[in-house]
Amino acid sequence: MQKNRIEVIQGDITKLKVDAIINAANSSLMGGGGVDGAIHRAAGPKLVEECKKIIREIGSCPAGEAVITSGCDLVAKYVIHTVGPVYRSGKNKEPELLANAYKNSLRIAVENNLKSIAFPNISTGIYGYPKEDAAGIAIATVKDFLKHNDLPEKVIFVCFDYENYNIYNDIFNRI
Ligand code: ADP
């Protein structure tokens, strides 16, 4: 049942027409490289203004936490910005922080009554999280959350690189 609500695709998350796309942001929410840069470019300058307002209120967004803004010029209505852990040795709570990034994004989706959301492969780019491990955590965390919640109805994992796409499909076919 939960599996029907999950989809794995290859593509560019900025193009998706969903209620919210998730951004793999950094703690400053000021944009950056990778998917973060792509989302800010596609959303336009209003996005960073919304992020600045949040940062004025909360100071910074620590790893594992998430916040929501509008989608600005994106086709998606909202952007949920979450911060994954930087991977060091794996012994600095990285698995827990990565799971929290997914859980808190899902929680915000529920709080905002969102039906469809899309995740990038958080932390697996510049932040260096081993892709297999990150995919296992992402899929297990989302599947468990959907077991206990009716929203979001649909969760899409958007893999930009084919390495992640193949890893996700392998794991997804086994569950
Ligand atoms: P992090 O700092 O969390 O590692 P990155 O943006 O460097 O964030 O990478 C996270 C993932 O996002 C990587 O798997 C990368 O291939 C992917 N990515 C980069 N651009 C896009 C995009 N336009 N759409 C979806 N995923 C993307």
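Which residue has a polar side-chain atom that lies 3.4 Å from an oxygen atom of the ligand? That residue is Asn164. Before you go further, please keep in mind that this is a predicted model. The ligand has 16 residues around it, and the protein buries 91% of the 560 Å² that the ligand exposes when taken alone. The notes below start at the ligand and then move out to other spots in the chain.

**Around the ligand**

- The space that the ligand takes up is the largest pocket.
- Among the 16 surrounding residues, the closest are Val35, Ser123, Thr124, Gly125 and Ile126.
- By character, the shell splits into 7 nonpolar, 7 polar and 2 charged residues.
- Helix H1, which covers residues 34-43, gives the largest share of this shell, with 3 residues.

**Polar atoms facing the ligand**

- On the nitrogen side, an N or O atom in the side chain of Asp12 is 2.9 Å from a nitrogen atom of the ligand.
- Gly125 takes part through its backbone: one of its backbone N or O atoms is 2.8 Å from a ligand oxygen atom.
- Asn164 uses its side chain instead, with a polar atom 3.4 Å from an oxygen atom of the ligand.

**Asn121 and its partners**

- Asn164 also has a protein partner, as its side chain makes a polar contact of 3.1 Å with the side chain of Asn121.
- The side chain of Asn121 is joined to that of Tyr168 as well, by a polar contact of 3.4 Å.
- You will find Asn121 in the loop that runs between strand E5 (116-119) and helix H4 (131-148).
- Asn121 counts as buried because its relative accessibility is 11%, and the cut-off for buried is under 20%.

**Ile126, in the loop between E5 and H4**

- Ile126, one of the residues closest to the ligand, is placed in the loop between E5 and H4.
- Is Ile126 buried or exposed? Its relative accessible area is 70%, so Ile126 is exposed; that value takes only the protein chains as cover.
- Ile126 and Asp73 are 53 residues apart along the chain, and 25 Å separates their C-alpha atoms.

**Tyr102, in helix H3**

- Tyr102 is part of helix H3, which spans residues 94-111.
- With a relative accessibility of 1%, Tyr102 counts as buried.
- From Tyr102 to Val48 the C-alpha to C-alpha distance is 22 Å, and the two are 54 residues apart in sequence.

**Backbone points to check by eye**

- As background, most residues other than glycine have a negative phi, and most peptide bonds are trans.
- Cys72 is not a glycine, yet it has a positive phi of about 50°.
- The loop that holds Cys72 lies between strand E3 (66-70) and strand E4 (78-83).
- Why does Cys72 count as partly exposed? Its relative accessibility is 21%, and partly exposed is the class between under 20% and over 50%.
- Asn113, also not a glycine, has a positive phi of about 60°, and its place is in the loop between H3 and E5.
- The peptide bond that leads from Leu151 to Pro152 is cis, with omega near -10°.
- Pro152 belongs to the loop between H4 and strand E6 (154-159).

Methods: Residues are numbered from 1 along each chain as its sequence is written. This is a predicted model: local features need pLDDT of at least 70, side-chain atom pairs count only at pLDDT 80 or more; totals for chains, interfaces and linings use all residues. Side-chain values use heavy atoms; hydrogens and water are left out. A residue is near a molecule or strand if one of its heavy atoms lies within 4 Å of it. A polar contact is a pair of N or O atoms within 3.5 Å; within protein, one must be able to donate a hydrogen and the other to accept it, and residues adjacent in sequence count only if both atoms are side-chain atoms. Accessible areas come from the Shrake-Rupley method with a 1.4 Å probe; for residues, only the protein chains shown count as cover. On a 1 Å grid over the protein atoms alone, a cavity is a set of points where a 1.4 Å probe fits but cannot get out, and a pocket is an open set with protein on both sides within 12 Å along at least five of seven lines; lining residues have an atom within 4 Å of a point. A molecule sits in a cavity or pocket if more than half of its atoms lie within 2 Å of its grid points. Helices (H or I, at least four residues) and strands (E, at least two) are DSSP runs, numbered from the N terminus. Ala, Val, Leu, Ile, Met, Phe, Trp, Tyr, Cys and Pro count as nonpolar, Asp, Glu, Lys and Arg as charged, and the others, Gly among them, as polar. Buried means under 20% relative accessible area, exposed over 50%, partly exposed in between (1.4 Å probe, protein chains only).
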